[in-house]
Amino acid sequence: MNLLAIDVSPRLDNSYSRNVSSHLVASLSSPDTVVVRRDLAAEPPPHLDAVFLDAYLTPSTARTEAQRDALAYSDMLVDEFLAADTIVISTPMWNFGVPSTLKAWIDHIVRLGRTVDIRNGSFEGLAFGRKMYVVVGSGDLYTRGPLAMMDMLTPSIRAAFSFIGLHDIEFIRVEGTNVPGSRTNALPRAIAEVDRQTAA
Ligand SMILES: Cc1cc2nc3c(=O)[nH]c(=O)nc-3n(C[C@H](O)[C@H](O)[C@H](O)COP(=O)(O)O)c2cc1C
C-alpha cells in the first residue's frame, strides 16, 4: 500500500488533528506500507496565479517550456497523489472551512487531463479506486448542536474529491477542542473512532 499523509495544521506536537492522524497512519500501516508525507504548513503550495492559469489553459501539446515549468510543481503534486492508494489528510477547521494551504493543494491536484477529464461532454473523475480519510480538528462541535449547519469543510472536501472520482471518504472529527467539557474528551474520542474504523 502507498499511503500519502497530508498535514495542514501549523501547530505541531500540540495539534489535535496531527496527533489523531499519526495514530491513524500507524494503524493503517503494515511493514510493506510506503508512507509519503507532505506537510503543507512547512511547505505551503503557491496559490494559482496568472502564469499558472495561462499554462493550464493552453492545450498540453502547445505548451512552451516556460508553461511546462509553470505547471511542474502541480504535476509533482498530482503524481504524488495518484501514486497513493490511501490518502490521509489532517486539517484544522478555520472559519468553517479548510485553511487556504489545503485549498491551494486541492487546486493543484484537481487538474483537467490528469485527475478529471471530459468524456462525452461530461466531467469524469480519474482518481477512482482510492480511499481517503480526513481528520478534522475543530474548536467547536459540528456533529450535533447549533453549529452543525455551519460546517462548510466536509461538504467542500466531498465535492472536490467526488468531482475527481474519489468517493470513498471517511471523516474523523476531533471536535470541541475549545469547548470546556468537550476538550478533555476530544482526543480520546477521536482515537477511539480511528480504532473502530481500522479494526476490520
Ligand atoms: C484562524 C483560526 C480559525 C478557526 N476557525 C474555527 C472555526 O471556524 N470553527 C471552529 O470550530 N474552530 C475554529 N478554530 C479552532 C480550531 O479549529 C481548533 O483550535 C482546532 O483544534 C485546530 O486544529 P489543530 O489542533 O489540529 O491545529 C479556528 C482556529 C484558528 C486559529
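Which residues do ring pairs link into a cluster? They are Phe81, Trp105 and Phe161. Please keep in mind that this is a predicted model.

## The aromatic cluster

Let's start with the rings. The structure holds five aromatic pairs. In one of them, Phe81 and Trp105 meet edge-to-face, with 6.0 Å from centre to centre and 80° between the planes. Phe81 sits in helix 3 (residues 65–82) and Trp105 in helix 4 (residues 100–109), so this pair ties together parts that are 24 residues apart in sequence. Both of these side chains belong to buried residues.

Phe81 also pairs with Phe161, this time in a tilted arrangement: the centres are 6.2 Å apart and the planes make an angle of 50°. Here the link is between distant parts of the chain, since Phe161 lies in helix 5 (residues 153–163), 80 residues away from Phe81 in helix 3. Phe161 is buried, as is Phe81.

## Around the ligand

Now to the ligand, which is surrounded by 17 residues; the closest are Ser9, Arg11, Ser15, Ser17 and Thr177. By class, this shell has six nonpolar, nine polar and two charged residues. Helix 1 (16–28) and strand 6 (131–138) each supply at least two residues of the shell.

## Polar contacts and cover

A ligand nitrogen is 2.8 Å from an N or O atom in the side chain of Tyr142. For Thr177, an N or O atom of the side chain is 2.8 Å from a ligand oxygen. At Gly137, a polar backbone atom is 3.3 Å from an oxygen of the ligand. On its own, the ligand has 630 Å² of accessible area, and the protein covers 75% of that.

Definitions and conventions. Residues numbered from 1 in each chain as written. Predicted model: local features only at pLDDT ≥ 70, side-chain atom pairs only at ≥ 80, totals over all residues. Heavy atoms only, no water. Phe/Tyr/Trp six-rings, centres within 6.5 Å; stacked < 30°, edge-to-face > 60°. Helix = DSSP H or I, 4+ residues; strand = E, 2+ residues; numbered from the N terminus. Buried < 20%, exposed > 50% of the residue type's maximum accessible area, 1.4 Å probe, protein only. Near = heavy atom within 4 Å. Polar contact = N/O pair within 3.5 Å; in protein donor to acceptor, adjacent residues only side chain to side chain. Areas by Shrake-Rupley, 256 points an atom, 1.4 Å probe, with all protein chains shown as cover. Nonpolar A, V, L, I, M, F, W, Y, C, P; charged D, E, K, R; others polar.
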